[in-house]
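Biologist: Could you walk me through this structure, starting with the basics and then going into a few details?

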Amino acid sequence: MKETNKVSKWIKFVLVNGLICLGFFLLSQVPSFLSAVFLVLYGKKVLFLDVFITVVWLVISFFITRYIWKYYKEKNQEDKIQLTLKDVGISFGYFLTGSLITFIGGLSMEFIYGNSESQNDEMIRMLINKSPSNWFILLMVIQLTLLAPILEELVIRGIPKVTLFKDSPNWFMLIMTSLFFSSLHQSTNIISFLIYAALGGVMCHAYLRRGRIIDSMMVHFFNNLLATIAFLFLI
């Protein structure tokens with residue numbers, strides 16, 4: 001009887017916290033969804049419309065980010081935003097590790113598949129290259145360099161850590177969240193999938209090192225900033 005109750009409690013725990021994680025993940029996708037919807041409204045040669053759309057997107061994104069971060073902070077009050085130059089330097093070191101993984105993985109993809117760029121990168125580059133307005137490019141830059149690092153770290157690592165994986169060993173959370181992170185990036189081959197999984201592992205380790213979500217956000221920011229500069233340079 002006790003074993004049955006234990007199993008029932010575990011199933012309830014997984015279902016409830018799994019739904020919480022799913023709900024916040026879906027909420028975090030609203031800014032990306034809106035940017036895709038708003039794309040057709042840009043480039044109408046009406047400056048006011050472009051500015052208005054961008055401001056609306058920024059306001060909605062701000063309140064969504066604020067709500068998600070507030071929930072995380074309530075669940076993990078010990079995680080305070082404390083950054084020193086040493087912390088930034090360590091985060092940059094994690095970023096360099098991730099960049100090395102990406103470089104080696106890219107060479108492997110080029111050698112085996114004849115293409116070193118993932119489908120996810122191709123899609124982002126296409127959106128920027130074919131942008132009908134500089135305001136949309138600004139929106140994409142903000143989304144890639146600021147919004148994505150914050151929201152993705154909160155919903156992929158932060159909130160799962162304080163809900164679904166709060167009683168799990170760190171290595172288990174690292175593996176599961178890294179696989180989930182990779183699955184979101186539209187990999188078309190095993191090497192691309194492993195690259196993103198390894199990057200997810202690097203970011204998760206940066207977070208777990210001292211339990212500060214800002215650390216993995218910094219690593220994610222450095223990674224996306226470099227990629228965004230490359231995308232803009234290729235326009």
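Modeller: Let me begin with a definition: helices (H or I, at least four residues) and strands (E, at least two) are DSSP runs, numbered from the N terminus. Read along the sequence, the protein then follows the pattern α-α-α-α-α-α-α-α-α, which comes to nine helices and zero strands. Please keep in mind that this is a predicted model, in which local features need pLDDT of at least 70 and side-chain atom pairs count only at pLDDT 80 or more, while totals for chains, interfaces and linings use all residues. Residues are numbered from 1 along each chain as its sequence is written, and side-chain values use heavy atoms, with hydrogens and water left out.

Biologist: What radius of gyration does the protein have, and what would a compact globule have?

Modeller: The protein has 19 Å, which agrees with the value near 18 Å for a compact globule with 235 residues; the radius is taken over C-alpha atoms, and the globule rule is 2.2 Å times the number of residues to the power 0.38. Along the principal axes, the C-alpha atoms fill a box of roughly 70 × 45 × 40 Å.

Biologist: And how much of the protein is buried?

Modeller: Buried residues make up 40% of the 235 residues, where buried means under 20% relative accessible area, exposed means over 50%, and partly exposed is in between (1.4 Å probe, protein chains only).

Biologist: Let's pick a residue: is Thr145 buried or exposed?

Modeller: Thr145, which is found in helix H6 (residues 134-162), counts as buried because its relative accessibility is 7%. A polar atom of its side chain lies 2.6 Å from the backbone oxygen of Val141.

Biologist: Which residues is Thr145 in contact with, leaving aside neighbours within four places in sequence?

Modeller: Thr145 is in contact with Phe221, Asn224, Leu225 and Thr228, and contact here means heavy atoms within 4.5 Å.

Biologist: Where does Phe221 lie?

Modeller: Phe221 lies in helix H9 (residues 213-233), and with a relative accessible area of 25% it is partly exposed. Leaving aside neighbours within four places in sequence, Phe221 is in contact with Thr145, Leu146 and Pro149. The C-alpha atoms of Phe221 and Ala148 are separated by 8.2 Å, although these residues are 73 apart along the chain.

Biologist: Switching to helix packing, at what angle do H5 and H6 pack?

Modeller: Helix H5 (residues 119-129) and H6 pack at an angle of about 150°, with their axes 9 Å apart; axes are lines fitted to C-alpha atoms, for helices over the stretch in contact, and angles run from 0 to 180 degrees between N-to-C directions. H5 and H6 are therefore roughly antiparallel to each other, a term for angles over 145 degrees, whereas under 35 is roughly parallel, 65 to 115 roughly perpendicular and the rest oblique.

Biologist: Which residues make that contact?

Modeller: On H5 they are Ile124, Leu127 and Ile128, and on H6 they are Phe136, Ile137, Met140 and Leu144. By class, the contact of H5 with H6 has seven nonpolar, no polar and no charged residues, where Ala, Val, Leu, Ile, Met, Phe, Trp, Tyr, Cys and Pro count as nonpolar, Asp, Glu, Lys and Arg as charged, and the others, Gly among them, as polar.

Biologist: One last residue: where is Gln82 found?

Modeller: Gln82 is found in the loop between helix H3 (47-75) and helix H4 (85-113), and it counts as partly exposed at 40% relative accessibility. Not counting residues up to four places away in sequence, Gln82 touches Asp87, Arg210 and Arg212.

Note on methods:
A polar contact is a pair of N or O atoms within 3.5 Å; within protein, one must be able to donate a hydrogen and the other to accept it, and residues adjacent in sequence count only if both atoms are side-chain atoms.
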